[in-house]
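Q: I have a structure open and would like to learn how to read it. Can you walk me through a few features?

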Amino acid sequence: MAAERRASVTWNGDLMSGSGTIDEVGSGAFGQLDVSWPARSEEASGGKTSPEELIAAAHASCFSMALSGGLAKAGNPPEQLRTSAAVTFVPGTGITKIALTVRGRVPGLDAGGFREAAEAAKKGCPVSQALAGVPEITLDADLDA
Amino acid sequence: MPRIQREASVAWEGSLSRGAGVAKAGTGAFELPIDLPSRIADKPGRTSPEELLAAAHAGCYSTSLAGEIARAGGTVERLNVACTVTLDEVGDKGHLIVSSELDVRARAEGIDAAGLERAVQAADEGCTFSALIRASASVSVRAELESN
């Protein structure tokens with residue numbers, strides 16, 4: 001079954017001095033998030049989100065779900081996974097790197113098994129596949145100490 | 001050009017089908033609950049990776065189009081960009097993102113329908129996310145110039 005997800009943005013004015021708002025998303029989970037070019041292309045975003053931050057959130061959540069599913073299928077359901085995705089954006093070039101970091105609490109699994117499952121999730125999750133054109137996607141996976 | 005890094009993190013508890021997570025933006029702009037039922041069924045109030053991608057694509061494309069209209073000598077008054085991302089099960093490949101469709105309504109001065117059409121194409125070529133996702137899924141843009 002196909003699942004469609006929808007979001008809409010309103011932009012006012014030109015690129016450099018104008019700004020936009022993510023007005024609404026189909027689920028209603030969030031809305032009225034401000035976006036602007038300075039928030040996107042400068043170090044300090046002033047609390048505004050950007051397409052790259054939304055992609056980071058999409059990738060971290062897709063990866064977490066795929067890893068949770070993969071671990072459970074192999075008989076080791078996780079208690080907790082903490083994932084971060086850092087997206088590097090070079091204005092004029094595009095997204096050059098995504099760094100995934102995951103720490104997990106998984107009863108009965110050793111670090112090697114966890115890394116293997118994490119590699120499989122990185123490869124298989126739909127967002128990873130959609131972002132396969134990113135030049136570098138790294139993964140740092142380990143169990144909680 | 002500076003390298004800009006944007007980070008988001010997810011804390012997930014429990015299994016895929018019954019567990020749930022929270023996605024937090026590094027900038028603090030959002031903190032959103034996520035779970036599997038929201039992703040594959042219609043469950044209001046919870047977001048999903050695909051909805052976040054739809055928001056990213058709409059945001060990326062609108063900044064790109066604002067730049068292209070100005071480059072063509074037009075003045076943007078308002079752009080409305082809606083994006084629909086579709087996740088589907090594809091044969092033995094499992095779930096894949098198969099398409100992202102953009103629907104644009106533009107209100108701008110100093111540009112005609114043909115000029116807008118060119119700006120729309122250039123914006124698609126210039127939007128990082130369009131280029132990335134086109135490698136594995138279809139991207140379409142439908143645009144309409146609203147009269148003042």
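Q: In what sense do strand β4 and strand β5 of chain A pair, and over how many bridges?

A: A quick note before that: this is a predicted model, where local features need pLDDT of at least 70, side-chain atom pairs count only at pLDDT 80 or more, and totals for chains, interfaces and linings use all residues. Residues are numbered from 1 along each chain as its sequence is written, while chains are lettered from A and ligands numbered from 1 in the order in which they are written. Now, strands (E, at least two residues) and helices (H or I, at least four) are DSSP runs numbered from the N terminus, and two strands pair if DSSP finds at least two bridges between them. Here β4 (residues 80-90) and β5 (residues 94-105) of chain A are antiparallel, with eleven bridges. For a spot to look at, try A:Gln80, which sits opposite A:Arg105 in β5(A).

Q: What is the order of the strands in the open sheet?

A: Just read across: β6(A)-β5(A)-β4(A)-β1(B)-β2(B)-β3(B), six strands with mixed pairing. β6 (136-143) of chain A and β3 of chain B are at the edges with a single partner strand each, so one side of each has no neighbour in the sheet. On average, neighbouring strands are turned by 15 degrees against each other, direction ignored.

Q: Which strands does helix α2 of chain A touch?

A: Contact means C-beta atoms, placed from the backbone, within 7 Å. Angles run from 0 to 180 degrees between N-to-C directions, using lines fitted to C-alpha atoms, for helices over the stretch in contact. Helix α2 (residues 51-73) of chain A packs on the sheet against β4 and β5 of chain A plus β1, β2 and β3 of chain B, at about 145 degrees to β4(A). Helix α3 (residues 111-124) of chain A touches β5 and β6 of chain A, at about 150 degrees to β6(A).

Q: Which residues of α3(A) are buried?

A: Buried means 20 or more other C-beta atoms within 10 Å of a residue's own, all placed from the backbone. In α3(A) those are A:Phe114, A:Ala117, A:Ala118, A:Ala121 and A:Lys122. An α-helix has 3.6 residues a turn, so residues three or four places apart point the same way. Down the axis of α3(A), the buried residues fall within an arc of 140 degrees (taken from the directions from the axis to the C-beta atoms), so they line one face of the helix. They pack against α2, β5, α4 (126-130) and β6 of chain A.

Q: How many residues of chain B are in contact with chain A?

A: 74 residues of chain B meet 74 of chain A. α2(B) gives the most to chain B's side, with 16 residues.

Key
Two residues are in contact if their C-beta atoms, placed from the backbone, lie within 7 Å. A residue is buried if 20 or more other C-beta atoms lie within 10 Å of its own, exposed if 12 or fewer, and partly exposed in between; C-beta atoms are placed from the backbone.
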